Amino acid sequence: MNKFLAVLFFTAALLRAQDARRIMQEVQDRARAASQRYEGTLKVIDSRNKISEKRWTYDRIGSAGSSKVVIRFSAPAEVKGVALLVVNHPERSSDQWMWTPALQRDRRIAFQDRSTRFFGTDFSFEDLEERDSNQYDYTILGEETVNGAPCWKLESRPKKSKSSQYTHAHIWVDKARYVFEKIESFHGGKLIRRLIYGDYRRIQNIWTPLTMEIEEVGRKSKTILHTEKLQYNVPMKEEQFTLQALRRES
Amino acid sequence: MLLRLLTWPYVRKHKLRAILTILGIALGVIVFVGMRTANDSVLYGFQQTVDRLAGKTQLQISSGETGFPEEVLERVQALPEVETAVPVIEATVRTGLPGQGNILILAVDMTGDRGLRQYEFEEGDESFIDDPLVFLAQPDSIMITSEFAARNHLATGGRISFDTMIGPKQFTIRGIMKSGGLASAFGGNLAIMDIYAAQQVFGRGRSFDRIDLKLKPDVPLARGQSALQTLLGSGYQIEPPSSRGQQFESITRIFSIGASLNSAFALLIGLFIIYNTFAIAVTQRRSEIGILRALGASSRQISGLFLLESAILGLAGSIIGIAFGLLMARGMANYVSSLFGEIYGVAQRVETVAADPKIVALALVIGVATSMLAASIPARDASRVDPAAALHKGAYESFSPRESRLRLIAAAGFLAIAAFSLFLRGSEGLRLYAGYLSVVLAAILLTPALVRRLVVALRPLLRSLLPVEGALAADSLIRSPRRTSATVAAVMLSISLVAGLGGVSNASYESLMSWMNNVLNPDLFVGASEQISDRSFRFPASIGGELRRMDFIDELQMVRTARVMFRGAPVMVVAVTIDSLSRRVHPQVIAGDPSTMYREVAAGRGVIFADNLALLKGVKLGDIVEIPSPSGVLKLPVAGITIDYSDQQGAILMDRSVFVRNWKDDTVNVFRVYLRKGVSASEGKRRILDRLGAQSRLFVLTNDQVRRFILRVTDQWFALTYMQIFVAVLVAILGIVNSLTVSITDRRRELGVLQAVGGLRRQVRQTIWIEAMSIALVSVLLGLALGAVILFYYLGIIREQIAGVRLEYEYPVRIALSLIPTMIAVAFLSALGPAESAVRSSLVEALEYE
């Protein structure tokens with residue numbers, strides 16, 4: 001009898017895991033585009049309500065897991081031209097380089113440093129990585145409503161091949177649109193970051209959040225990213241996503 | 001009980017002598033505590049800075065001082081055992097702010113450095129680095145400590161100027177760190193900047209000074225160290241941060257040895273003062289001792305009494321010595337610190353000068369033990385006093401024929417050991433120290449006999465000057481050999497120390513001058529720092545090209561100096577174009593044929609060793625030596641050994657091409673510039689500054705200025721020797737005053753009788769003056785003779801045991817000649833007080849004495 005219950009339990013768990021993976025795969029597939037470009041405004045509101053603002057342009061080529069991203073800061077004047085190149089890999093952590101035009105040189109951001117906050121924002125360098133759903137294991141934890149939208153609540157855990165500062169995350173996926181509504185990232189039992197997606201618009205048939213609000217719990221600060229002029233499938237070349245291009249175009 | 005009955009009344013009656021005795025010990029302890037505390041404070045300050053900068057760093061990767069290419073970082077970060085590895089550049093620069101001196105710049109990669117170091121900000125929030133992205137994006141960004149900010153009224157957004165490779169540069173303060181922890185390193189004079197910006201402003205090219213790293217939690221230190229060593233090869237040093245302190249200690253070893261020798265000698269002289277005092281006390285209190293013995297006091301009780309007295313005096317002297325020693329350390333610490341900076345090019349900052357309980361305890365033990373050791377012979381003599389013979393005054397002040405004979409035999413034995421040690425093979429240290437000690441002991445044992453003979457020889461001269469007073473003074477000295485010889489021995493040792501140290505100082509200057517004349521012959525030296533020994537800044541090689549294009553420059557030599565680890569010690573590598581050097585420089589070659597030596601080294605097939613380093617490390621001509629470099633261990637034969645004072649630890653000279661190839665570093669510390677005929681040094685200097693002064697941090701020093709700098713640093717180094725000489729002379733004065741005080745007290749009745757039978761006060765005074773001056777003359781003569789012998793040992797010890805430096809023996813005649821009148825004058829001045837006391841004391845009391 002006990003054996004029968006155990007087999008039943010594991011079979012049910014496996015099916016739930018498969019469902020969770022299918023959900024995540026669907027989310028990834030619906031957002032898939034050959035490239036993406038937008039202009040972003042990054043607003044950091046610190047614990048004393050002091051607001052600092054930066055603007056950047058964001059270019060991505062390729063799809064999640066094997067994409068390449070260039071973020072180029074355009075304002076304020078002191079950071080204009082500073083650029084970040086992120087090269088994502090499906091089975092391991094991304095490679096990241098930063099270009100500082102005033103010094104006319106690039107620096108590699110070492111893997112060990114990815115948990116560092118991204119230039120005073122509430123994002124970490126790791127949060128800038130594009131996540132491939134296959135790098136994680138998923139299970140469905142239940143269903144909840146977020147921002148009025150019924151959602152699946154999933155748990156993701158990085159596979160061993162993927163090193164992360166987070167041990168696991170809780171993801172709320174909108175059942176109707178297959179988009180993220182909220183992600184909470186944990187280290188052990190401790191909540192580290194909370195990311196809330198908002199202002200969804202359908203752009204080129206892809207549901208796209210124009211606002212992302214991230215909070216590093218415990219710091220009492222938050223960072224809001226507003227995106228504008230967002231386009232998908234913009235013609236881009238691989239050569240634009242190299243260190244040489246980073247140096248050349250800054 | 002005995003102490004209260006016997007000692008206390010005696011001490012009260014002879015306050016001055018008790019004070020002098022205490023001072024004898026106090027002086028030794030002052031020197032010991034002062035020098036050790038100052039030295040330790042500097043070392044402690046350095047270690048504190050290292051610890052605070054290290055944060056959670058477990059291991060540091062370096063390649064001597066030379067730094068290494070950036071690529072090494074990625075290899076280290078990729079190692080599975082490593083959790084965090086971050087690059088570091090350190091530089092010490094002048095702040096230019098009044099009273100602030102230097103500031104330590106710690107340049108790190110802020111995107112990853114927080115894994116190792118805790119940066120706490122004034123506002124408790126990282127955002128108080130007024131935007132971390134701006135901090136990285138702008139190369140003028142700097143963070144300072146709140147202490148430094150408060151001291152200089154600086155705030156976030158403010159500007160501060162530092163010397164950099166591209167001249168004075170304005171930096172913008174973009175963060176203020178809270179005090180404590182990291183921020184208190186280097187006494188709070190710490191600034192953090194981006195490492196890639198630092199590479200530019202400090203001329204580091206694409207290299208880092210070192211990598212600080214933390215291992216994964218489950219990786220033991222030894223395993224991590226071994227994995228890194230395997231990855232990088234033996235050209236890299238992979239050590240915990242604490243080893244930097246050990247290296248610093250190793251660099252400053254010679255200073256520490258000097259400080260220890262100084263205090264040991266000061267205590268040795270103090271020992272003689274105490275011996276003298278107690279020998280006299282025993283003599284004066286013989287009758288009391290005799291009575292006590294007759295009443296049943298055991299010889300052990302008597303001996304214990306004197307030992308207890310000496311322990312109390314030693315304790316008092318030690319306490320005074322510790323107090324003044326700590327005061328002296330406060331004054332000396334910054335001096336020692338700046339001396340280290342100038343000589344070794346290692347900047348550090350003394351944060352606190354505090355009493356180390358270990359030093360204080362050791363000083364107490366040494367002070368008391370020295371005092372008891374000095375009193376042990378008089379105490380033993382006291383315990384042997386025969387109650388019946390105790391009332392026989394005078395006899396005890398002379399040596400018995402048996403005692404004199406034993407002294408002569410012992411002295412002969414020590415001289416035989418000294419002679420034998422000259423031929424001893426094997427341990428150089430044992431040979432020299434045994435010989436030195438034997439000669440000193442023989443001299444001490446022979447002092448009574450020699451004093452007697454010298455005073456007897458002097459008597460006719462004294463009589464011819466002042467018949468009555470001269471004869472009385474000479475006779476007093478002859479009649480009291482115990483008292484006189486102890487004083488003479490103390491003064492003799494002081495004078496021998498002065499002669500020996502003076503000889504070392506003279507020989508050092510002679511040798512240095514000769515080296516400077518042979519080697520330091522360029523017209524100009526173009527350096528990136530005001531101090532030629534400072535290696536914080538380096539030129540790119542391209543500056544050499546620009547200098548070469550100047551038509552008034554005849555020849556240019558590019559010099560790169562850097563400390564590397566060789567056989568466990570930090571030594572200086574000097575890389576220069578040997579072909580050019582061989583045409584211009586003719587050092588004293590100790591081993592090897594000069595033309596072959598230069599040919600082989602210029603071709604990269606050998607290195608030249610400084611004689612001192614070769615000696616200390618046992619390196620011989622033709623030996624294959626292994627020098628660690630970032631490209632692996634460089635194995636080259638020793639093509640020659642020359643006299644070279646480029647560095648106190650010793651230098652290894654190699655061709656520049658070998659250095660550039662193996663260290664992947666073509667930067668330059670100093671350009672040696674030879675001007676064309678007809679171009680004066682001042683004109684050459686002006687023209688170089690006109691052409692390059694605006695584009696680069698540049699200091700052009702004339703040959704004369706460099707020589708003056710070296711001599712100034714040497715003067716500062718020998719200032720410690722002069723202090724030692726001062727202490728020696730002071731102790732000599734103390735000895736003479738002590739001896740005269742005792743002599744007058746002893747002879748109160750004799751002097752009283754002299755006055756009673758019509759002797760004039762003037763005559764009494766003159767007798768005492770002559771006695772004092774005779775002691776001085778005899779002591780100086782013996783001291784100078786002993787100094788001649790110990791100079792030989794000093795030079796041997798310096799060469800074989802301390803610095804490996806080959807110094808020529810040359811007796812310091814001028815110092816010797818100046819000492820004779822100086823000491824006689826000092827003795828005369830010392831005698832003024834006791835002489836006045838003698839003539840002004842009550843005649844009745846004097847006649848009643850005894």
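## Composition of chain B

In this predicted model, chain B contains 27 helices and 21 strands. Chain B has 850 residues, and 52% of them are buried. Among the contacts in chain B with a separation of 6 or more, 84% join residues that lie 24 or more positions apart.

The predictor's confidence in chain B averages a pLDDT of 82, and 88% of the residues score at least 70. Residues 124-128 of chain B have a pLDDT below 50; this stretch nevertheless has twelve contacts in the model beyond near neighbours in sequence.

## Strand β1 and its two partners

Strand β1 of chain B spans residues 59-62 and is covered on both faces. In a regular strand, side chains alternate between the two faces of the sheet. On one side of β1(B) lie B:L59 and B:I61, on the other B:Q60 and B:S62, and all of these residues are buried.

β1(B) pairs with two strands that come later in the sequence of chain B. With strand β10 (residues 210-215) β1(B) runs antiparallel, joined by four bridges; within this pairing, B:Q60 is the bridge partner of B:D212. With strand β11 (residues 237-239) the sense is again antiparallel, over three bridges, and here B:S62 has B:Q237 as its bridge partner.

## B:R210 in strand β10

Which residues does B:R210 contact, leaving aside its neighbours within four places in sequence? They are B:Q60, B:I61, B:S62 and B:V88. B:R210 itself belongs to strand β10 of chain B, and three of the residues it contacts, B:Q60, B:I61 and B:S62, are residues of β1(B). Although B:R210 and B:S62 are 148 residues apart in sequence, their C-alpha atoms are 4.7 Å apart in space.

B:R210 is a charged residue, and it is classed as buried because 22 C-beta neighbours lie inside 10 Å, where the cut-off for a buried residue is 20 or more.

## The β17-β18 hairpin

Further along chain B, strands β17 (residues 624-629) and β18 (residues 632-642) pair in the antiparallel sense over six bridges. The two strands form a hairpin, with two residues between them. Within the pairing, B:I627 of β17(B) has B:L634 of β18(B) as its bridge partner.

## Helices α12, α15 and α26

Helix α12 of chain B comprises 27 residues, 357-383, and should therefore span 39 Å at 1.5 Å a residue; the distance of 36 Å between its end C-alpha atoms agrees with this. α12(B) also bends by about 40° at B:S376, and a proline, B:P378, follows within four residues.

Helix α15 of chain B, residues 467-479, has 13 residues, so a span of 18 Å is expected at 1.5 Å a residue; its end C-alpha atoms are 18 Å apart, in agreement. The buried residues of α15(B) include B:E469, B:G470, B:L472, B:A473, B:A474, B:S476 and B:L477. An α-helix has 3.6 residues a turn, so residues three or four places apart point the same way.

Is B:I824, in helix α26 (residues 813-840) of chain B, buried or partly exposed? B:I824 counts as partly exposed because 17 other C-beta atoms lie within 10 Å, whereas a buried residue needs 20 or more. Apart from neighbours within four places in sequence, B:I824 is in contact with B:M773, B:A776 and B:L777. B:I824 and B:S779 are separated by 45 residues in sequence and by 9.9 Å in space, C-alpha to C-alpha.

## Chain A and its contact with chain B

Chain A has two helices and 13 strands. Of its 250 residues, 34% are buried. Residues 24 or more positions apart account for 43% of the contacts in chain A with a separation of 6 or more.

The contact between the chains takes 23 residues from chain B and 21 residues from chain A. On the side of chain B, α3 (71-77), β3 (82-94), α4 (132-137) and α6 (195-201) each supply at least two residues. The largest share, five residues, comes from α4(B). By residue type, the side of chain B that touches chain A consists of eight nonpolar, eight polar and seven charged residues. For the complex, the predictor gives an ipTM of 0.83 and a pTM of 0.68.

Notes
Residues are numbered from 1 along each chain as its sequence is written. Chains are lettered from A and ligands numbered from 1 in the order in which they are written. This is a predicted model: local features need pLDDT of at least 70, side-chain atom pairs count only at pLDDT 80 or more; totals for chains, interfaces and linings use all residues. A residue is buried if 20 or more other C-beta atoms lie within 10 Å of its own, exposed if 12 or fewer, and partly exposed in between; C-beta atoms are placed from the backbone. Two residues are in contact if their C-beta atoms, placed from the backbone, lie within 7 Å. Two strands pair if DSSP finds at least two bridges between them. The expected span of a helix is 1.5 Å times one less than its number of residues. The bend at a residue is the angle between axes fitted to the seven residues ending there and the seven starting there. pLDDT is the predictor's confidence in each residue, from 0 to 100.
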